Amino acid sequence: MSTSAATLENSPPKRSKRWILFALLALIAVGAIGAGAWWYLDEPAADDPAALAKAAEKRKREHVFVTLEPFVVNLSNRDSERYAQIGVVLEVDNKRTAQSIDGKMPAVRNAILLLISSKTSLELIPRAGKEQLAAEIQTAASSVLGWAPAAAAPTAKPAADKGAAKSPDAGKPRAPGAAAGPPPPVVQVHFSSFIVQ
């Protein structure tokens, strides 16, 4: 018997290798589908406070901090030339958002720069002014990433028919948190430095 005939007898058929490859690919696909389903179906029920608190804690552990280069901006004071030097750190909801901010950094910095430059020194010096600026930066940076704040909830209209039963909440505005919309991707804004001169 020749050596080529002996190697053909010892080698397994090609069909069994293909079958093993297809079975392995099917197993990987089923695992990926199962992991995706677990990820998306792991959301807690809206009426379970313990599950909601656990989910909020899980999301908080995923937060990432994105440090921006300091801003040096002329303020909009009319009586004198004033400027601010402000270091901003954005706390975002996850790594994907941090990567998105890196990709859109010029637009994020532009939005924040225009916002700061529209302020006066008297607006920025008090603590309330800094907190207001942080909230505005959060909205501006989140908007650049495609987030839109939830529209103000309309007030409920009273029933048109006098015989119809009126809801106890008819005519009252909704609570501030009642209009459920997606949370902003920029969770919080932190200042690493804040100098107004």
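Here a trainee and a mentor talk through serine 121 and asparagine 77 in a predicted model.

Trainee: Let's start with the big picture: how many helices and strands are there in the chain?

Mentor: The chain has seven helices and four strands. Serine 121 sits in helix H6, which covers residues 121-124.

Trainee: Why is serine 121 called buried?

Mentor: Buried means under 20% relative accessible area. Serine 121 has 1% relative accessibility, so serine 121 counts as buried.

Trainee: And asparagine 77, does that count as buried or exposed?

Mentor: Asparagine 77 comes in at 16% relative accessibility, and the cut-off is under 20%. So asparagine 77 counts as buried. Its place is in the loop between strand S2 (71-74) and strand S3 (83-92).

Trainee: What makes the link between the side chains of asparagine 77 and serine 121 a polar contact?

Mentor: A polar contact needs a pair of N or O atoms within 3.5 Å, one able to donate a hydrogen and the other to accept it. The side chains of asparagine 77 and serine 121 are joined at 2.7 Å, so the distance fits the cut-off.

Trainee: Which other side chain makes a polar contact with the side chain of serine 121?

Mentor: That's arginine 82, at 3.4 Å. Since the limit is within 3.5 Å, that distance fits too.

Trainee: What else does serine 121 touch, leaving aside neighbours within four places in sequence?

Mentor: Its contacts are Leu75, Asn77, Arg82 and Val196. On the same basis, asparagine 77 touches Arg82, Thr120 and Ser121.

Conventions
Residues numbered from 1 in each chain as written. Predicted model: local features only at pLDDT ≥ 70, side-chain atom pairs only at ≥ 80, totals over all residues. Heavy atoms only, no water. Helix = DSSP H or I, 4+ residues; strand = E, 2+ residues; numbered from the N terminus. Buried < 20%, exposed > 50% of the residue type's maximum accessible area, 1.4 Å probe, protein only. Contact = heavy atoms within 4.5 Å.
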